[in-house]
Structure formats: C-alpha cells, structure tokens
Amino acid sequence: MEKTVKVERQKRSAILSQTVKTGIIKSNLVPMFAGLTLALYTYDIDPGTKLLDVVFALIGTILVIGAAGTLNNVYDRDIDAIMERTKSRPTVTGEIDTKFAITLAGIMAVLGIIALAFTTPLAALLGFLGLFFYVVPYTMWTKRRTIYNTEVGSISGAMPPLIGWVAMTGTLAHPAIAALFIIQVIWQMPHFYAIAIRRHDEYKAARIPMLPVVKGVKRTYTQTNIYLVLLSLTSFLFLPLSLGLTLVALLMNVGWLVLSIYGYKKNKDSEKWAKLLFIYSLIHMTILFSTVIVYSLVGIFILN
C-alpha cells in the first residue's frame with residue numbers, strides 16, 4: 001500500500017514538473033543569481049540586510065517562470081502532439097486537466113509577482129513583463145508566424161538577471177546589468193538555432209517557422225556567426241567593472257565563434273555541428289554566469 005502511494009506521488013510530481021518546466025526554471029536561476037550577486041557587489045550592499053529580498057526574489061522568479069512554462073504548454077499542446085520531444089507532455093497526453101493547468105499558472109503568476117513586489121516594485125514589473133512577453137508576443141503570436149520568433153522570445157528569456165539585479169537595487173541605471181541582459185539576449189539565438197537544426201523535421205512537421213526550416217542550414221550558419229561576433233563584442237561591456245570578467249567573457253564568446261566556424265567546415269552533417277554548438281552553449285552559460293556569481297561573492301565576502 002505504502003509503495004503504491006509513493007509511486008503515485010512520484011507520478012504526480014513528475015507530471016507537475018513537466019507541466020511547469022522545472023528544467024527551464026533551474027537554468028534561469030543561474031543568470032538570476034548572477035544579476036542579484038553582481039548588484040550586491042557593485043553597490044556594496046551588505047547581504048545580511050537583503051536575506052528576505054533574496055528569498056522573495058528566488059520564490060518569485062520560480063513561480064513566474066513556472067507560470068509562463070505552464071501557459072506555453074497549454075497553448076502549444078496541438079503542435080506539441082506532433083513533435084517527438086514534446087508529445088509526452090502531460091498537457092498533450094491529458095494527464096493534467098487543461099483548466100487545472102491554467103488555474104495553476106494563474107495562481108503561480110499572481111503569487112510570483114507579489115513575491116517579487118516584496119523586493120521592489122520594479123522587480124514585480126519585470127516579472128510581469130517577462131511572463132507577458134513569453135506568453136503573448138512569443139507563444140501566441142510570433143512562434144507560429146515568423147522566423148524572428150527566437151528574437152522575440154529572447155526578451156523574456158533575458159529577464160532573470162534583470163529581476164535579480166532590481167530585486168536588490170530597485171534600479172537599472174548601471175552598465176553592468178545592461179551587459180548581463182544583452183549577453184543573455186544574444187546567447188539565446190545560436191543556442192535555439194542549434195536546437196532547431198537538431199529538431200528540423202519535427203519543427204517542419206509542426207509547421208513552426210524556425211530559421212533552419214524556412215531559410216536552411218547555410219543561412220542559419222551565417223546568422224549564427226553574426227550573433228556570435230556581436231556576443232564577442234559584448235564582452236567589453238564588463239570592462240568598466242572588471243578586466244577579469246571581460247577576459248572570461250571574451251574567451252568564452254570567441255571560443256564559441258571559432259567552434260562554429262571550425263565545426264561547420266569539419267562536419268558535413270549539420271546535426272553534428274548543431275550538437276557541438278548546443279553543448280557549448282550550455283557550458284558557456286554555466287561558466288560565464290557562475291564566474292560572475294563567484295566574482296561577486298568573492299568581492300562581497302573577502303575583498304571587502
């Protein structure tokens with residue numbers, strides 16, 4: 001009996017996890033904490049005075065991203081049913097009721113924005129804007145209509161570092177946070193282009209106009225490199241703050257560009273090239289934003 005109950009709980013937990021997209025939530029907490037810790041260091045704020053704000057920022061970010069992911073799953077359940085990687089989502093299989101999922105998303109959105117409001121009003125506003133841009137301009141409008149859906153979606157995808165920063169400061173008036181935001185926006189393009197190439201047939205079957213599907217791999221390769229050049233240039237946005245961060249960012253960004261060019265010429269199979277870029281994109285984000293977090297924490301607790 002106890003074993004049956006445990007299995008049932010695990011099943012419900014897995015269904016809930018897939019519905020709110022916990023993987024996306026976890027990956028977005030890294031840049032959120034990068035913005036948060038960098039703000040504490042930049043403005044020389046005692047972390048002890050901001051513990052509650054850190055907790056509310058964490059809870060609010062988790063809930064808002066979870067709400068956005070849930071609404072995305074509900075709206076996209078028709079095309080998710082066509083794609084191999086998404087056809088087992090609970091919103092597609094019926095393991096979770098649509099009305100319940102929408103209600104859950106609404107509750108998470110409200111509670112998440114309220115939690116962020118306990119830090120600063122601007123954090124709550126950015127949380128709402130991140131949710132809105134992901135659900136309406138991206139999911140409901142551009143995702144099925146234009147190859148520029150990735151660019152539109154990148155706005156909401158770059159909100160976490162802004163939320164972390166303003167939760168501590170209440171202001172965006174500093175070039176350091178502009179650096180994190182711009183880097184996060186541009187990073188998403190080669191990252192999602194790589195996914196789109198690897199899942200080309202699925203996106204084509206679902207009639208989603210991803211760049212590789214509509215314009216082909218060669219155009220995607222060119223556009224990827226343009227964004228990687230721009231990403232390399234953003235490294236210098238860190239220069240007023242830290243030479244070390246600038247060099248780390250420059251090394252990671254240029255390395256990505258070199259890998260793209262070399263990998264494309266070496267691999268005749270576009271999927272292998274895309275897999276290389278996808279793996280590197282994850283390593284890139286982890287190292288870069290973890291470096292920002294470590295740099296900030298060292299500055300807060302040791303150098304000061």
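**Notebook: the largest pocket and helix α9**

I sorted the lining of the largest pocket first and got 21 nonpolar residues, 20 polar and eight charged. My classes: Ala, Val, Leu, Ile, Met, Phe, Trp, Tyr, Cys and Pro are nonpolar, Asp, Glu, Lys and Arg charged, and the others, Gly among them, polar.

A note on the source: this is a predicted model, where local features need pLDDT of at least 70 and side-chain atom pairs count only at pLDDT 80 or more, while totals for chains, interfaces and linings use all residues. Residues are numbered from 1 along each chain as its sequence is written, and side-chain values use heavy atoms, with hydrogens and water left out.

**Pocket**

I counted 49 lining residues, with Lys 21, Ile 24, Tyr 134, His 191 and Phe 192 nearest the centre. Two or more lining residues come from each of α2 (22-42), α3 (51-75), α7 (121-142), α8 (149-157), α9 (159-169), α10 (175-198) and α15 (270-303). α10 gives the largest share, seven residues. For the search, a pocket is an open set of points on a 1 Å grid over the protein atoms alone, where a 1.4 Å probe fits, with protein on both sides within 12 Å along at least five of seven lines; lining residues have an atom within 4 Å of a point.

**Whole chain**

I found 15 helices and zero strands (DSSP runs: H or I of at least four residues for helices, E of at least two for strands, numbered from the N terminus). The C-alpha atoms fill a box of roughly 55 × 55 × 40 Å along the principal axes. Of the 304 residues, 49% are buried (under 20% relative accessible area, 1.4 Å probe, protein chains only).

**Helix α9**

I looked at how enclosed α9 is: 10 of its 11 residues are buried, so the rest of the structure largely encloses this helix. Among the buried ones are Trp 165, Val 166 and Ala 167. The buried residues of α9 pack against α2, α3, α6, α7, α8 and α10. Just after α9 comes Gly 170, with a positive phi near 80°.

**Thr 120**

Next I checked Thr 120, in the loop between α6 (98-117) and α7. Is Thr 120 buried or exposed? Thr 120 is buried, with a relative accessible area of 10%. Leaving aside neighbours within four places in sequence, I listed contacts (heavy atoms within 4.5 Å) from Thr 120 to Val 166, Ala 167 and Gly 170. Thr 120 and Gly 170 are 50 residues apart along the chain, yet their C-alpha atoms are separated by 5.6 Å.

Note on methods:
Buried < 20%, exposed > 50% of the residue type's maximum accessible area, 1.4 Å probe, protein only.
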